[in-house]
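Okay, thanks for coming, everyone. Let me put today's model up on the screen.

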Amino acid sequence: MPIPSVETTFFPILHVLSHGDLMAYKAMRQEVRRVHFNHLDSIDLAQFNKRGEPVLMNRIGWGKIYLHAAGFIRQPLRDTLEITDAGLGLAMTGTCQWVDLQSTAAWRQKFGGSWEIPENHR
């Protein structure tokens, strides 16, 4: 099974954050991996990017950035995350895709209407 795309990390991040108040960024990444991606083969989990970071953790990091830009999570303190009411509502649907992010006012304000998903984040 290939390593999940950035989009595939959106719901797992929201799901993990929906179970508590504030969560440390590093703890969130580990919990997302444990709960949602533990089924991956060890060979997939051992893949690293050019910077030496595990690819899965990098994609979870990008997922966090995009969810924050859309207003579904916030960072009240450095390296600390919490889900917003909008993010909690989306988490309750059981899915989260690019279209959900791009439909928010926060996203349009930050990126405008012409932003395209980077090829390596699909």
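I'll go through some helices and what they pack against.

Quick caveats: this is a predicted model, where local features need pLDDT of at least 70, side-chain atom pairs count only at pLDDT 80 or more, and totals for chains, interfaces and linings use all residues. Residues are numbered from 1 along each chain as its sequence is written, and side-chain values use heavy atoms, with hydrogens and water left out.

So, helix α2, residues 25–36 (helices are DSSP runs of H or I, at least four residues, strands are E, at least two, numbered from the N terminus). Its twelve residues should span 16 Å at 1.5 Å a residue, and the end C-alpha atoms are indeed 16 Å apart; the expected span is 1.5 Å times one less than the number of residues.

Which residues of α2 are buried? M28, R29 and V32, where buried is under 20% relative accessible area, exposed is over 50% and partly exposed is in between, with a 1.4 Å probe and protein chains only. Those buried residues fall within an arc of 100° seen down the axis, so they line one face of α2; the arc is that of the directions from the helix axis to the C-beta atoms. K26 and R34 are exposed on the other side. The cover over the buried residues of α2 includes α1, β1, α4 and β3, counting contact as heavy atoms within 4.5 Å.

Now α5, residues 85–93: G87, L90 and A91 are buried. They cover an arc of only 105°, which puts them on the same side of α5. Facing away are exposed D85, M92 and T93. And just after α5, G94 has a positive phi of about 85°.
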